[in-house]
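Reader: I'm new to this one. Can you walk me through it in short steps?
Author: Sure. Here it is.
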Amino acid sequence: MLPSRPKDDTISAIATAPGRGGIGVVRVSGARVSIIIQAILGKALQPRYATLANFRDAQGETIDQGVALYFPAPHSFTGEDVLELQGHGGPAVLQRLLARCLELGARLAEPGEFTRRAYLNDKLDLAQAESVADLIDAATTQAAKSAMRSLQGEFSRQIRALVEALINLRMLVEATLDFPEEEIDFLQAAHAEEKLAEIRAQLEQVLARAKQGVLLREGLQVVLIGQPNVGKSSLLNRLAGEDVAIVTPVAGTTRDTVREEIQIEGIPLHIIDTAGLHDTRDEVEKIGIARTWAAVEKADLALVIIDAQKGLATEDKNILAKLRAEQPVLRVYNKIDLAGQTPHREDRGEAIYLSAKTGAGIDLLHDRLLALAGWQQTGEDICMARERHVRALARAHAGLENANRHWHEPELLAEELKLAQTALNTITGEFTPDDLLGEIFSRFCIGK
């Protein structure tokens with residue numbers, strides 16, 4: 001449960017990133033803002049105007065000089081009185097300024113508490129609130145654009161349109177239940193069955209876009225595995241565009257996992273290079289090989305690197321056989337420059353022939369990685385989404401599927417439509433358990 005707050009509960013935090021910077025911001029929100037303004041600045045502030053002022057401690061000594069901004073409730077980010085003190089970005093200065101705010105009755109804000117207050121005061125819905133953190137954490141330009149669409153309410157509008165359509169359909173069903181003696185069939189007369197089909201189609205489109213949004217946010221975990229000296233590290237360097245892994249002709253150069261994050265068309269790919277898989281008595285190599293298999297277990301996709309000069313050897317087949325049945329696998333035949341081959345795909349794209357050394361065929365690998373990731377759109381209409389959104393949409397979709405099967409059983413039909421609406425409402429926070437809210441906002445950074 002979210003704890004109840006006293007009426008004068010006021011929070012404060014440093015809102016800028018840790019470390020030194022040109023500018024640092026201390027943010028305050030709550031009922032004691034006016035008291036803090038008078039104590040630190042010695043004068044009232046004109047709302048929404050930048051005011052140059054000295055920030056003073058309890059003895060009247062100047063802590064810093066900077067710009068103060070006052071946003072009175074309800075016209076602020078949190079919906080409460082908000083003060084922003086923008087000064088120099090030195091850690092010691094900011095800590096002194098924060099300590100002064102706490103001394104005047106504010107308390108240190110919890111992670112995400114400013115945004116949580118914005119949600120509780122109806123300034124943002126839950127999907128928009130989550131997009132604040134997603135915008136901050138965005139690893140690619142496309143992810144940042146999608147997060148901004150969600151913050152501006154595009155994803156929420158799609159969800160609300162579905163909810164409104166469901167409410168209208170539920171009204172028709174309830175009318176049938178309330179007036180069973182009427183000769184008029186409410187559902188048939190209102191073309192309710194067609195309306196359900198339209199809602200199902202719209203929800204499927206939103207679900208597909210949400211899955212793309214999750215991909216933009218989470219990316220894909222890709223692990224490179226294979227025998228020693230097949231070019232795993234060279235391929236990692238080629239994908240990364242720089243020498244992030246040591247490459248030598250000596251087999252077994254890589255003894256531990258090497259991780260690098262890249263992006264292809266805005267999709268984050270978390271690439272993991274691993275130790276070569278082979279029988280060994282070397283204790284260090286054994287540890288590296290154990291870590292390789294641990295990485296494979298967590299990966300969304302395994303790239304099995306094979307020497308194109310030798311083809312699919314028994315050792316390669318043994319590696320493929322050890323992968324779990326449901327593990328997505330792509331065979332990459334490397335060193336085609338030495339084998340005298342040209343870049344191409346085989347087995348319906350499940351095998352790519354390329355050269356990590358020259359870069360020939362890397363474009364084929366890029367395309368196949370995107371396809372295996374499930375990327376189907378350019379991303380121009382994609383909103384940022386989270387796994388919980390996809391699960392809620394999937395529950396709503398299941399409810400609509402069940403409703404369609406119970407079309408001639410109005411009581412069951414009404415219940416399934418209600419369950420679908422409830423699932424959709426958890427996305428925007430119209431109905432969300434308090435413990436889930438606590439979990440969501442606890443993952444925000446302090447000061448947001």
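Reader: Let's start with one residue. Leaving aside neighbours within four places in sequence, what is Asp 134 in contact with?
Author: Asp 134 is in contact with Ala 147, Arg 217, Met 384 and Arg 386. Keep in mind that this is a predicted model.
Reader: Where does Asp 134 sit?
Author: Asp 134 belongs to helix α4, residues 126-137.
Reader: Buried or exposed?
Author: Asp 134 is buried. Its relative accessible area is 4%.
Reader: Back to Ala 147. What separates its C-alpha atom from that of Asp 134?
Author: A distance of 5.9 Å. Along the chain, Asp 134 and Ala 147 are 13 residues apart.
Reader: Zoom out. How many helices and strands does the protein chain have?
Author: The chain has 16 helices and 13 strands.
Reader: And how much of the chain is buried?
Author: Buried residues make up 48% of its 448 residues.
Reader: What about contacts across the sequence?
Author: Take the contacts in the chain with a separation of 6 or more. Residues 24 or more positions apart account for 64% of them.
Reader: Now the sheet. What is the strand order in the open sheet of 6 strands?
Author: The order is β3-β4-β5-β2-β1-β6. The pairing is mixed.
Reader: Which strands stand at the edges?
Author: β3 (51-56) and β6 (107-108). Each has a single partner strand, so one side of each is left without a neighbour in the sheet.
Reader: How does β3 pair with β4?
Author: β3 and β4 (residues 62-71) pair in the antiparallel sense, over 6 bridges. Thr 51 stands opposite Ala 68 in β4.
Reader: Which helix packs on the sheet?
Author: Helix α3, residues 113-120, packs there. It touches β1 (10-14), β2 (21-30) and β6. The direction of α3 makes about 140° with that of β1.
Reader: Tell me about β1. How many of its residues are buried?
Author: 5 of its 5 residues are buried. Both faces are covered. Thr 10, Ser 12 and Ile 14 are on one side, with Ile 11 and Ala 13 on the other.
Reader: What joins β1 to β2?
Author: 5 bridges join them, and the two strands run antiparallel. Thr 10 has Gly 30 of β2 as its bridge partner. Ala 13 stands opposite Arg 27 in β2.
Reader: And what lies between β1 and β2?
Author: There are 6 residues between them, and the two strands form a hairpin. Gly 19, in the turn, has a positive phi of about 105°.
Reader: Parallel or antiparallel for β1 and β6?
Author: β1 and β6 pair in the parallel sense, over 2 bridges. The bridge partner of Ile 11 in β6 is Arg 107.
Reader: How many residues of β2 are buried?
Author: 7 of its 10, so to speak of β2 as mostly covered is fair. β2 also runs antiparallel to β5 (residues 82-89), joined by 7 bridges. There, Val 25 has Gln 86 of β5 as its bridge partner.
Reader: New topic: the largest nonpolar core. Which of its residues touch the most other members?
Author: Phe 155, Ile 159, Leu 393, Leu 400, Leu 417, Leu 424 and Ile 427 do. The core has 33 residues. Among the helices that each supply at least two residues are α6 (154-178), α8 (192-218), α14 (387-405) and α15 (410-428).
Reader: What is Leu 417 in contact with, leaving aside its neighbours within four places in sequence?
Author: Leu 166, Leu 169, Arg 170, Val 173, Leu 196, Leu 400 and Ala 403. Apart from this core lies another one, of 32 residues. It includes Ala 143, Leu 235, Ile 305 and Leu 370.
Reader: Last one. How do the axes of α14 and α15 cross?
Author: The axes of α14 and α15 cross at roughly 165° and come within 8 Å. That makes α14 roughly antiparallel to α15. The crossing is left-handed.
Reader: Which residues make the contact between α14 and α15?
Author: From α14 they include Ala 392, Leu 393, Ala 396, Gly 399, Leu 400 and Ala 403. From α15 they include Leu 413, Leu 417, Ala 420, Leu 424 and Ile 427.

Note on methods:
Residues are numbered from 1 along each chain as its sequence is written. This is a predicted model: local features need pLDDT of at least 70, side-chain atom pairs count only at pLDDT 80 or more; totals for chains, interfaces and linings use all residues. Side-chain values use heavy atoms; hydrogens and water are left out. A nonpolar core is a set of buried Ala, Val, Leu, Ile, Met, Phe, Trp, Tyr and Cys residues joined through side-chain atoms within 4.5 Å. Buried means under 20% relative accessible area, exposed over 50%, partly exposed in between (1.4 Å probe, protein chains only). Helices (H or I, at least four residues) and strands (E, at least two) are DSSP runs, numbered from the N terminus. Contact means heavy atoms within 4.5 Å. Two strands pair if DSSP finds at least two bridges between them. Axes are lines fitted to C-alpha atoms, for helices over the stretch in contact, and angles run from 0 to 180 degrees between N-to-C directions. Angles under 35 degrees count as roughly parallel, over 145 as roughly antiparallel, 65 to 115 as roughly perpendicular and the rest as oblique. A crossing is left-handed if the near helix is turned anticlockwise from the far one by less than a right angle, and right-handed if clockwise.
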